[in-house]
Amino acid sequence: MNLRRRRIATVAVSSAVLTGLVLPTAALAAPPGPAPAQGVVTGQAGARAGKADVAVAILDITKKLIGIVTDAIERKQNRSGYVKSLMEGAFYEAGQRYNVMVINNANRHTAHLRGVVYDARISGIHGTYRVIVFESGTFTNHGDGGWINWAFRGWFDRDGGHVTFRRSW
């Protein structure tokens with residue numbers, strides 16, 4: 001793979017993380033994990049460990065998205081394929097447990113989402129897209145639809161540009 005293209009993809013996704021576009025409150029919105037095993041430290045130390053797990057998950061999702069952006073650049077993938085790849089990558093990297101929304105950042109939209117564990121703006125050859133991984137809520141796309149502008153996956157009911165998402169558990 002061309003080193004220059006990999007660097008461009010890495011910079012595009014990494015800049016979203018480094019500039020704070022990944023929500024710093026994601027760790028607080030994460031669902032509670034399983035009960036601590038015997039011998040596991042709880043309280044402040046346990047809370048820090050839980051936040052560290054969420055941080056690792058965020059980095060894993062970000063790494064996957066870097067790969068998707070890199071692949072799209074390498075293959076000059078079409079825009080709808082790029083959007084679908086971001087959606088699928090985020091869904092599978094989040095353990096197929098959360099809902100995922102990918103929306104063209106230029107599209108006007110309204111989001112009322114709960115349990116957000118990842119929220120970033122990803123810039124690439126096809127523009128800037130917002131990638132959100134979350135538990136439940138509603139989302140309305142007030143702009144153009146179609147795979148080139150938005151994609152979503154999870155547990156939902158759709159009525160035109162309005163989508164209501166349910167938790168998977």
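Two strands count as paired if DSSP finds at least two bridges between them. The exercises below use this rule on a predicted model.

**Exercise 1. Find which residues stand opposite valine 163 and phenylalanine 165 of strand E8, and describe the pairing of E7 with E8.**

Solution.
Step 1. Strand E7 covers residues 156–159, and strand E8 covers residues 162–165.
Step 2. Arginine 158 stands opposite valine 163 in E8, while phenylalanine 156 is opposite phenylalanine 165.
Step 3. Four bridges connect E7 and E8, and the sense is antiparallel. The rule asks for at least two bridges, so the two strands pair.
Step 4. The hairpin of E7 and E8 has two residues between the strands, and glycine 160 takes a positive phi near 65° there.

**Exercise 2. Work out how E8 is joined to E5, and place both strands in their sheet.**

Solution.
Step 1. E5 and E8 run antiparallel and are joined by four bridges.
Step 2. Phenylalanine 139 has valine 163 of E8 as its bridge partner. Threonine 138 is opposite threonine 164 in E8.
Step 3. The strands belong to an open sheet of four strands, in the order E2-E5-E8-E7, with antiparallel pairing. Strand E2 (109–114) and E7 are the edge strands, each pairing on one side only. On average, neighbouring strands of this sheet are turned by 10° against each other, direction ignored.
Step 4. Strands of a sheet pair through backbone hydrogen bonds.
Step 5. The two faces of E8 can now be told apart: Val163 and Phe165 form the covered face, and His162 and Thr164 the uncovered one.

**Exercise 3. Decide whether asparagine 141 is buried or exposed, and list what its side chain reaches.**

Solution.
Step 1. Asparagine 141 lies in strand E5 (residues 136–141).
Step 2. Its relative accessible area is 7%. Buried means under 20%, so asparagine 141 is buried.
Step 3. The side chain of asparagine 141 reaches the backbone nitrogen of glycine 143 at 2.8 Å. A polar atom of that side chain also lies 3.2 Å from the backbone oxygen of aspartate 144.
Step 4. Leaving out residues up to four places away in sequence, asparagine 141 touches Ile103, Asn107, Arg108, His109, Trp150 and Gly161.

**Exercise 4. Classify the ring pair of phenylalanine 152 and phenylalanine 156, and state how accessible each residue is.**

Solution.
Step 1. The structure holds ten aromatic pairs. In the pair of phenylalanine 152 and phenylalanine 156, the ring centres are 4.9 Å apart and the planes stand at 80°.
Step 2. Planes over 60 degrees apart count as edge-to-face, so this pair is edge-to-face.
Step 3. Phenylalanine 152 has 12% relative accessibility and counts as buried. Phenylalanine 156, at 30%, is partly exposed.
Step 4. Ring pairs link both residues into a cluster with Phe134, Phe139, Trp150 and Phe165.

**Exercise 5. Name the members of the largest nonpolar core that touch the most other members, and the elements that supply this core.**

Solution.
Step 1. The largest nonpolar core has 24 residues; Leu65, Leu86, Val102, Tyr118, Ile122, Val131 and Val133 touch the most other members.
Step 2. At least two residues of this core come from each of helix H3 (44–75), helix H4 (79–93), strand E1 (99–104), strand E3 (118–124) and strand E4 (127–134).
Step 3. Another core, of eleven residues, lies apart from it; among them are Leu113, Val116, Phe139 and Trp150.

Key. Residues numbered from 1 in each chain as written. Predicted model: local features only at pLDDT ≥ 70, side-chain atom pairs only at ≥ 80, totals over all residues. Heavy atoms only, no water. Core = buried A, V, L, I, M, F, W, Y, C linked by side-chain atoms within 4.5 Å. Buried < 20%, exposed > 50% of the residue type's maximum accessible area, 1.4 Å probe, protein only. Polar contact = N/O pair within 3.5 Å; in protein donor to acceptor, adjacent residues only side chain to side chain. Contact = heavy atoms within 4.5 Å. Axes fitted to C-alpha atoms, helices over the stretch in contact; angles between N-to-C directions. Phe/Tyr/Trp six-rings, centres within 6.5 Å; stacked < 30°, edge-to-face > 60°.
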